[in-house]
Each structure stands twice: as C-alpha cells, then as structure tokens.
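Open the model in your viewer and keep the selection tool at hand. The tour goes stop by stop, with something to select at each one.

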Amino acid sequence: MTATAIAGVVGGPISGALLAMDGLGGLRGWQWLFLAEGLPAVVLGLAVLAYLPDGPASASWLTPEERRSLAARLGPEQVIEAHHAATLAGALADRRVWRLAVLYFVLVTGLYGVGLWLPQIVKGLWGLGDVMVGIVSAVPYVAAAAGMVVVGRHSDRTGERRWHVAGPAFVGALGLAFVAYLRSPVVALAALSLAALGTSSTLGPFWSIPASLLRGTGAAAGIALVNSIGNLGGFAGPYLIGLVKDATGSFAGGLLVLAGGLVAAGLLALGGERH
C-alpha cells in the first residue's frame, strides 16, 4: 500500500516539471502530464496480462519445489470456515461487507479530497511555482509512507485492527483541522503531513479486515464491492473541497468537513465487529 504514497513522492516533482512544459510542441502542461504519466500505466496493464500469474502453479520463475511449497502453505488459508461469506451471494448479502464499504468510502473521501487539492493548498500557502509546488507536495507523502509501515507492522504484531484504523483516522482529522486554521506555511505543511500520515495509515489495517472475513468465490466480489463503493469517495472528496472553496473562497470549510468525516470513520471502525 505504500506504493501509493511513494508514487506521490516521485510524482509530485515530476508533475511539476511536466506542467512547466506548457506550450512545448503545441501542448498544454496538463496534456504533457496526462501523456507522460498515463502511457506507462497502459503499457504496464498490457505487461500484467502477459506476465502476472494467477497463482504459484503458473509462476514460471518458481522451481517445481517452490511451487509445491507455496501451494502447501496456501492450502490451509483456502479452507472455508462457516462464518466466512463463501459465495458471491453471501458476500453481497453480508452486512459487514456493506459496513466496510461505507467505512472505506469515508476514508477515501478524506484521502483524495486532500491529495488532489494538495498542490493548490501548498501553492496558496507558499506562493510557489509549479516545479517547487511539486517538490514541496512530496513531503506529506514521505510522512504517509513511513506511517503506513509503522502502523501496519504494529497492527500485525498486536493482531488488533479496529483501533489501528480508528486511531490514524482521528490523527488525520486533527491534521486537517490544523491546516484549516494555520497560516504559517511551515507549520501548515507539518499539519498536512500529519493529515496524510494519519489518513494513509488506515489502509493496511483496513484491508486486512475484509481479507479475514471473505473466502472462496465471494472473496473477489466482496472485496471488489468494498473497493468500488469506497473509491466513489475519490470523486466525492475533491468535489466537496472544490464546492466549499467556490462558496467560501477558502479551503478551510472543506477541510473541516473532511476532518469530521474522518472522525465519523474512526467511530464506525470502532463500532464494527472485532477482528
């Protein structure tokens, strides 16, 4: 999951440089950005079809002994227990799946609400050009990547999930609330980093929960349902921030709304079944 945050670290400066190519070759800066960052993803998608195996049995880089060893280790995990939603219908009818979908929606609303407006927030605080905005915008993602590893590792060590989702959500809400009121660029950047660290750190522990609930043919469908509904927050968060900014002329109101959403997400996580 840290790949997402690391992409922000690398992508911020690259995006700033691409935007600075505005007018080159008759293309706008945003067009260069879309081409340079979109085409590699298309190529990777084709590579996945060609090289990504469905399981150890079809992994060409493994020796026969390694395939047998992995199959033996994975076997117990594929045993379907009575309390798991083991079919597509069972997964879609499981209220826990829908609860997780709502929880993920709220988390993603905060994650993308800040992420997609981060360059504009930084630019408003610092008054920098596109290249420097890209560099400064990478700082919160560094904090996020570090926090994700620490929180995820601690969650695994303790076997606890709910507080490892709720706690970072509360921290993210605190960071957003600080950003809404702070005017010092350096302190506001620290608050943005706190918000990114908290919000992103929910992801590892969160995704361990549906993986522990779902097995069999319902696993892919149930996890896809959680992901699909949750990722609608990728529209809701940025749209909400933009809507409030247009109405008030400031990011503060939108950030406070997202902070409230993260508090609600934390409470929702604590109210769920123990895992």
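Which side chain does Arg28 meet in a salt bridge? Select Arg28 and Asp22: their side chains form the bridge, with N and O 3.1 Å apart. This is a predicted model, so that distance, like every other value on this tour, is computed from predicted coordinates. Colour the two residues by accessibility. Arg28 has a relative accessible area of 49% and is partly exposed. Asp22 is also partly exposed, at 44%.

**The whole chain**

Zoom out and switch to a cartoon view. The chain shows 13 helices and zero strands. Walking from the N terminus, you pass one α element after another. The C-alpha trace covers about 55 × 45 × 30 Å along its principal axes. The radius of gyration is 21 Å, in agreement with the value near 19 Å for a compact globule of 275 residues.

Now turn on the surface. Its accessible area is about 14,500 Å², and carbon and sulfur atoms account for 69% of that. Of the 275 residues, 37% count as buried. If you display contacts between residues at least 6 apart in sequence, 73% of them join residues at least 24 apart.

**Charges and the other salt bridges**

Select the charged side chains next. There are 16 positive and 13 negative ones, and the centres of the two sets are 6 Å apart. Across the whole structure, a search finds three salt bridges. The pair Arg28 and Asp22, where the tour began, is one of them.

Go to helix H3, residues 64-74, and select Arg68 and Glu65. What is the distance between the closest N and O atoms of this salt bridge? For Arg68 and Glu65 it is 3.0 Å. Why are the two about one helical turn apart? Because Arg68 and Glu65 are three residues apart in helix H3. Arg68 is exposed, with a relative accessible area of 53%.

Move on to Arg161 and Asp156. The closest N and O atoms of this salt bridge are 2.9 Å apart. Is Arg161 buried or exposed? Arg161 is buried, at 17% relative accessible area, while Asp156 is exposed, at 54%. The cut-offs behind these words are under 20% for buried and over 50% for exposed.

**Ser137, between two helices**

Select Ser137. Where does this residue sit? Ser137 is in the loop between helix H6 (130-136) and helix H7 (138-158). Despite the loop position, Ser137 counts as buried, at 4% relative accessibility. Show what surrounds this serine: leaving out residues up to four places away in sequence, Ser137 touches Leu118, Pro119 and Val122.

**Ala5, in helix H1**

Go back towards the start of the chain and select Ala5, in helix H1 (residues 2-19). Ala5 is buried, with a relative accessibility of 4%. Which residues does Ala5 touch, not counting those up to four places away in sequence? They are Tyr141, Ala144, Ala145 and Met148. Then draw a distance from Ala5 to Val257: the two are 252 residues apart along the chain, and their C-alpha atoms are separated by 23 Å.

**Leu255, in helix H13**

Select Leu255, which belongs to helix H13 (residues 252-271). Its relative accessibility is 2%, so Leu255 counts as buried, the limit being under 20%. How far apart are the C-alpha atoms of Leu255 and Phe178? The separation is 9.2 Å, for two residues 77 apart along the chain. With neighbours within four places in sequence set aside, Leu255 is in contact with Val114, Ile121, Leu176, Val179, Ala180 and Ile241. Show those side chains as sticks to see what lies around Leu255.

**Gly222, in helix H11**

For the last stop, select Gly222. This glycine lies in helix H11 (residues 218-231). What is the relative accessible area of Gly222? The value is 0%, and Gly222 is buried. Draw one more distance, from Gly222 to Ala259: the C-alpha atoms are separated by 28 Å, and the residues are 37 apart along the chain.

Definitions and conventions. Residues are numbered from 1 along each chain as its sequence is written. This is a predicted model: local features need pLDDT of at least 70, side-chain atom pairs count only at pLDDT 80 or more; totals for chains, interfaces and linings use all residues. Side-chain values use heavy atoms; hydrogens and water are left out. Helices (H or I, at least four residues) and strands (E, at least two) are DSSP runs, numbered from the N terminus. The radius of gyration is taken over C-alpha atoms; the globule rule is 2.2 Å times the number of residues to the power 0.38. Buried means under 20% relative accessible area, exposed over 50%, partly exposed in between (1.4 Å probe, protein chains only). Contact means heavy atoms within 4.5 Å. Accessible areas come from the Shrake-Rupley method with a 1.4 Å probe; for residues, only the protein chains shown count as cover. Lys and Arg count as positive and Asp and Glu as negative; His and the chain ends are not counted. The place of a charge is taken as NZ of Lys, CZ of Arg, CG of Asp or CD of Glu. A salt bridge is a side-chain nitrogen of Lys or Arg within 4 Å of a carboxyl oxygen of Asp or Glu.
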